[in-house]
Amino acid sequence: MSTIVLLVVTGLGLGALYFLVASGLSLIWGLMRVLNFAHGALFTVAAYAGWSIANTIPATDAARAWSIGLLGAVLGGAIAAFLLETVLIRPLYARPVGQVLVTVGAALAAVALVEAMYGDDPKQLVLPAWMSANTVIAGASIPNTRLLLIVVALAVLGLLLILLRKTRYGLIVRAGVENRAMVEALGINVHRAFTIVFTIGGAAAGLGGYLAGTYFGYIDPQRGTSMLIFAFIVVVVGRLGSMTGCAIAAAVVALVQQFLNFYAAAGVGDFSVVLLLALALLIRPRGAQTL
Amino acid sequence: MSALLNVSDLDVWIGESHVLHGVSFEVREGGVTALLGRNGAGKTTTLRGILGMLTRTGSVFLNGLPMDRMRTDRIVRHGIGYVPEDRDVFSELTVAENLRLAERPGQELQYDIVYELFPELQQRASQRAGTLSGGQQQMVSIARALLNKGNRILLIDEPTKGLAPLVVRSVVAALGRVSQFVTILLVEQNLRVAHLLARDAIVLDQGSVGYRGTINELIDDPELARHHLGLTAGRGAGA
């Protein structure tokens, strides 16, 4: 029983990471029809920005260092996303192939830059003592970082739902997902909404990048790329533009992965997630249009 | 009366297709001007060209202000309301949200007129627009365009298309009332509807203007009606 509890909570923690990356990806694709292959790079760049900032604070004050690092990562993700959208993607809105090429190029360049600056070796994150401890739930000893991730992801989900349902920009995003041209024909500057959505997506990716470092204990340059693959799957399995669907899909994908990797064999979980994607596309072929 | 909208030498492309060729016309302030023509003549393309939704060259002036280099959202904010051919309500949003989206910050709104014309929308404010009938969706679409008091002209594309005869009658009545508040450029395939509402008519023929004048002159002259609209019968025939 304790193993199952551990797998469930760990799976949900991993799902929380997938959600943080996939939520931005889903919003960006839903409103802007931009397949942002650089989203994983935002995750990586922001994690390193947070790590660099945290390292300027003495390790004896781990809680402060971690918190300021987290803020730095969120801000770093937001700034990187803002620059990516305004400088590289905005001139290519009518050219989807150009967008794919530029985001793939930006992703490769950003990861290469991080490797050149910091090297390939993983970098340890300084964690407050509480995060290195465990909490016993139903007989299972759960690392506190998993619980933290779940709480943060739920908070982000709540904030995104408030943004989408209670604000004018949320209304623009929801309408834009349906019919962007008609939103413009109502006199709304959709490009401003694009920039805001892209920046929010980058901030969520940055949060995910730093929390991934917290989850795994270290950051490395390739983490964002591997995370992006699962985030794409989550976006397809969850419904386009639906934050709740995205959160449920993230949890399902991560739980399937965790349980099968543990009970079947290592790698079976990852393979099953791809099967889950195929199943989702067969049941709901329109899902194919989401990516 | 002075020209509110002035379109001059408008050329529009849809992808590689050159659809409009040097279209020029004026829309007088007040009342309804009908934009007529056979299927594929370029009526919808003209509206979308005016709004900058398609690649275009030429000039568009609204009340003397040049619009040809502006983005669609800026053109609309200068006082143009658009009711598209397929209504294009946001089906996942409620009726109230569809209207709220059309509100322009800083502009005076006329919910009183909108709800006076379409009281049903107030009753169905919390209903998802996708679950409304075609006629009700048309009301939402017209209401969105009418909501901002700053709108000088509404471009309305085939408002009666696909509607039941009874619903057509109520939409026509509503448009008659709307035209008392704001100028309308109306694309309409149903000539009977256009004749009921419009004073002036512009007929497009294969992407160029074939006729400009009053709608009565067009319909009363069998030769003009046959030549431009393919009508063999006289006044009041449907097209």
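The questions and answers below walk through a predicted model, mostly through its chain B.

Reader: How many helices and strands does the secondary structure of chain B come to?
Author: Before counting, it helps to picture the space involved, for the C-alpha atoms of chain B fill a box of roughly 50 × 40 × 35 Å along the principal axes. Within chain B, the secondary structure comes to 10 helices and 10 strands.

Reader: What is the radius of gyration of chain B, and what does the globule rule give for 239 residues?
Author: For 239 residues the globule rule gives 18 Å, and the value for chain B is close to that, so chain B is as compact as a globular protein of that length. Buried residues make up 47% of the 239 residues, and among contacts between residues at least 6 apart in sequence, 66% join residues at least 24 apart. The radius of gyration of chain B is 17 Å, against the rule's 18 Å.

Reader: What is the order of the strands in the open sheet of 4 strands in chain B?
Author: The pairing can be followed from β1(B), residues 3-14, which pairs in the antiparallel sense with β2(B), residues 17-28, over 8 bridges, and also in the antiparallel sense with β4(B), residues 55-62, over 7 bridges. At the edges stand β2(B) and β5(B), each with a single partner strand, so one side of each is left without a neighbour in the sheet. The order is therefore β2-β1-β4-β5.

Reader: Which residue in the turn of the hairpin formed by β1(B) and β2(B) has a positive phi?
Author: Close to the turn, B:I14 stands opposite B:S17 in β2(B), and elsewhere in this pairing B:V12 has B:L20 as its bridge partner. The hairpin has 2 residues between its strands, and the turn residue with a positive phi, of about 60°, is B:G15.

Reader: Which residue in β4(B) is the bridge partner of B:D11?
Author: The strand to search is β4(B), which pairs with β1(B) in the antiparallel sense over 7 bridges. In β4(B), the bridge partner of B:D11 is B:T57.

Reader: Which strands stand at the edges of the open sheet of 6 strands in chain B?
Author: This sheet has the order β6-β7-β8-β3-β9-β10 with mixed pairing, and its twist averages 15° from one strand to the next. One parallel pair in chain B is β7(B), residues 153-157, with β8(B), residues 183-187, joined over 5 bridges, where B:L155 has B:L185 as its partner. An edge strand has a single partner, so one side of it is left without a neighbour in the sheet, and the strands in that position are β6(B) and β10(B).

Reader: Which strands does helix α1(B) touch where it packs on the sheet?
Author: Helix α1(B) covers residues 43-50, and its direction makes about 145° with that of β7(B). Another helix, α6(B), lies across β6(B) and β7(B), running at about 175° to β6(B). The strands touched by α1(B) are β3, β7, β8 and β9 of chain B.

Reader: Is α6(B) roughly parallel or roughly antiparallel to α7(B)?
Author: Helix α6(B), residues 134-146, and helix α7(B), residues 165-178, pack with their axes 10 Å apart and at an angle of about 10°. In their contact, residues including B:I142 and B:L146 in α6(B) meet residues including B:V171 and B:A174 in α7(B), and the residues there divide into 6 nonpolar, 3 polar and no charged. Because angles under 35 degrees count as roughly parallel, α6(B) and α7(B) are roughly parallel.

Reader: How many residues of chain B are in contact with chain A?
Author: The elements that give two or more residues to this side of chain B are α2(B), residues 72-77, and α3(B), residues 95-102. By class, the side of chain B that touches chain A has 9 nonpolar, 2 polar and 8 charged residues. In contact with 14 residues of chain A, the number of residues from chain B is 19.

Reader: How does A:Y118 count by its C-beta neighbours, and why?
Author: A:Y118 lies in helix α4(A), residues 96-118, and, leaving aside neighbours within four places in sequence, A:Y118 is in contact with A:Y48 and A:K123. A residue needs 20 or more neighbours to be buried and 12 or fewer to be exposed. With 16 C-beta neighbours inside 10 Å, A:Y118 therefore counts as partly exposed.

Technical notes. Residues are numbered from 1 along each chain as its sequence is written. Chains are lettered from A and ligands numbered from 1 in the order in which they are written. This is a predicted model: local features need pLDDT of at least 70, side-chain atom pairs count only at pLDDT 80 or more; totals for chains, interfaces and linings use all residues. Two strands pair if DSSP finds at least two bridges between them. Two residues are in contact if their C-beta atoms, placed from the backbone, lie within 7 Å. Ala, Val, Leu, Ile, Met, Phe, Trp, Tyr, Cys and Pro count as nonpolar, Asp, Glu, Lys and Arg as charged, and the others, Gly among them, as polar. The radius of gyration is taken over C-alpha atoms; the globule rule is 2.2 Å times the number of residues to the power 0.38. Axes are lines fitted to C-alpha atoms, for helices over the stretch in contact, and angles run from 0 to 180 degrees between N-to-C directions. Angles under 35 degrees count as roughly parallel, over 145 as roughly antiparallel, 65 to 115 as roughly perpendicular and the rest as oblique.
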